[in-house]
Amino acid sequence: ALSLTNPVNVVRTKQTARKSFGDGGNAPRKACKKRPAVDGPGPPAATKKKAKGAKDNGFRTMMNSLAPAHRPELREVAKGSPQWCECEALAKAKLHAVHEVVNPFLWREYDAKVTNMQHKNHGAANVKRLFHGTSSYDARQLCLGQAGFDPRVSGPGFYGEGAYFAEKASYSLNYASTASAGSPYGGREQLIIADVAVGDSFDYKKAIDRSLRRPPQKAPSGTSSQAMEIEFQDSPLYDSVKGGPHSGSCMFVVYLPSQAYPRYLLTF
């Protein structure tokens with residue numbers, strides 16, 4: 001059992017998986033092209049941003065084209081494909097299987113939240129690809145259900161009752177779930193790679209605040225007339241909080257399920 005004092009969100013939902021996995025990861029493996037070290041030189045930032053944006057827009061177009069009644073599914077990613085290699089590069093580990101999550105219900109809520117956040121933050125939703133471990137709970141059920149990363153059923157962590165996401169897979173592997181015995185991957189560890197719209201984050205660094213149930217308010221700023229206006233309304237909130245590094249990884253915490261979408265299910 002996971003200690004409630006640990007900074008990780010363990011979600012629980014009554015939704016069950018409605019589609020089985022593929023061939024159990026037995027397809028012939030293709031080698032990924034060698035990538036530069038994370039801390040070493042790489043392609044120019046503008047080039048990487050353009051490529052990532054084009055790829056994400058393709059996924060968004062596909063998801064938005066699905067019928068509302070489309071059943072959630074896990075689509076197996078081919079070994080050696082660009083998606084597979086991206087996941088291995090992010091995880092910094094060899095993977096046994098990768099599945100892309102296609103869940104129209106969760107996607108519609110997430111996509112609408114990203115759009116609203118972009119309007120609020122002058123175009124910046126600040127989406128990050130982060131890791132999430134579900135501990136003893138079946139990660140597949142989260143990916144195929146309708147609750148998503150629900151902070152309402154999480155235990156209090158370093159930053160209160162929220163959904164926790166780590167920058168490093170090595171941290172989240174401490175809380176990896178185990179695939180059920182009835183699946184082709186029974187007994188193997190699984191993690192979720194999530195797209196998380198962190199927006200404007202408040203950085204706690206290594207400080208903690210276990211009382212949080214939402215992001216903190218922003219301090220009033222600007223001219224005196226603006227300050228007077230704020231006296232008659234609530235100050236705006238940050239969109240998320242950042243903390244750490246804790247145990248070698250920084251983490252982000254969101255307090256609304258719609259701010260995160262389970263992008264890939266990784267099997268180690």
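This passage walks through the packing, the charged pairs and a few backbone oddities of a predicted model.

The nonpolar interior comes up first. The largest nonpolar core takes in 31 residues, and the ones with the most contacts inside it are Met63, Phe149, Phe165, Ile192, Val196 and Tyr261. Plenty of the fold chips in: helix 1 (45–65), helix 3 (104–120) and helix 4 each give two or more residues to this core, as do strand 2 (97–102), strand 4 (163–166), strand 6 (189–197), strand 9 (249–254) and strand 10 (260–267). Helix 3 gives the most, with five residues. Apart from this core lies another one, of 14 residues, with Trp84, Ile193, Tyr264 and Leu266 among them.

Ile192 is a handy place to look at the packing up close. Leaving aside residues up to four places away in sequence, Ile192 touches Leu130, Phe131, His132 and Thr134, then Ala139, Leu142, Cys143 and Phe149, and finally Pro262, Tyr264 and Leu265. Two of these neighbours deserve a word of their own. Cys143 counts as buried, at 0% relative accessibility. His132, which sits in strand 3, is also buried, with a relative accessible area of 1%. The side chain of His132 still finds a polar partner there: one of its polar atoms lies 2.8 Å from the backbone oxygen of Tyr164.

On to the charges. A search of the whole structure turns up ten salt bridges, and Asp195 takes part in two that are worth following. With Arg129, the side chain of Asp195 meets in a salt bridge of 2.7 Å, N to O. Asp195 belongs to strand 6 and Arg129 to strand 3, so this pair ties together parts that are 66 residues apart in sequence. Both Asp195 and Arg129 are buried. Asp195 also pairs with Arg263, at 3.6 Å from N to O. That second pair again links distant parts of the chain, running from strand 6 to strand 10 across 68 residues, and Arg263 is buried just as Asp195 is. The picture widens from there, with Glu86, Glu100, Arg129, Asp195 and Arg263 linked in a network of salt bridges.

Another of the salt bridges joins Lys218 to Asp200, and here the closest N and O atoms are 2.8 Å apart. This one runs between loops: Lys218 is in the loop between strand 7 (201–203) and helix 6 (224–230), while Asp200 is in the loop between strand 6 and strand 7, the two being 18 residues apart. Lys218 is partly exposed, with a relative accessible area of 22%, and Asp200 is partly exposed too, at 29%.

What about a buried acid that has no salt bridge? Asp138 fits that description. The nearest side chain of opposite charge, that of Arg140, is 4.3 Å from Asp138; a salt bridge has to fall within 4 Å, so the pair misses out. Asp138 is found in the loop between strand 3 (127–132) and helix 4 (139–144). The side chain of Asp138 does reach Arg140 in another way, coming to 3.0 Å from its backbone nitrogen. Beyond residues up to four places away in sequence, Asp138 touches Ser180 and Gln190.

Cysteines can be dealt with quickly. The structure holds zero disulfides. Cys87 is in no disulfide, as the nearest cysteine sulfur, that of Cys85, is 9.4 Å away. Cys87 is buried, at a relative accessible area of 0%.

A few backbone details round things off. The peptide bond from Gly244 to Pro245 is cis, with omega near 15°, and Pro245 lies in strand 8 (residues 240–246). Positive phi values turn up in the loop between helix 3 and strand 3, where His122 is found. Phi of His122 is near 55°, in a residue other than glycine. Asn126 is in the loop between helix 3 and strand 3 as well, and phi of Asn126 is likewise near 55°. How open are these two to solvent: buried, partly exposed or exposed? His122 counts as exposed, at 80% relative accessibility, whereas Asn126 is partly exposed, with a relative accessible area of 35%.

Methods:
Residues are numbered from 1 along each chain as its sequence is written. This is a predicted model: local features need pLDDT of at least 70, side-chain atom pairs count only at pLDDT 80 or more; totals for chains, interfaces and linings use all residues. Side-chain values use heavy atoms; hydrogens and water are left out. Helices (H or I, at least four residues) and strands (E, at least two) are DSSP runs, numbered from the N terminus. Buried means under 20% relative accessible area, exposed over 50%, partly exposed in between (1.4 Å probe, protein chains only). Lys and Arg count as positive and Asp and Glu as negative; His and the chain ends are not counted. A polar contact is a pair of N or O atoms within 3.5 Å; within protein, one must be able to donate a hydrogen and the other to accept it, and residues adjacent in sequence count only if both atoms are side-chain atoms. Contact means heavy atoms within 4.5 Å. A nonpolar core is a set of buried Ala, Val, Leu, Ile, Met, Phe, Trp, Tyr and Cys residues joined through side-chain atoms within 4.5 Å. A disulfide is a pair of cysteine sulfur atoms within 2.5 Å.
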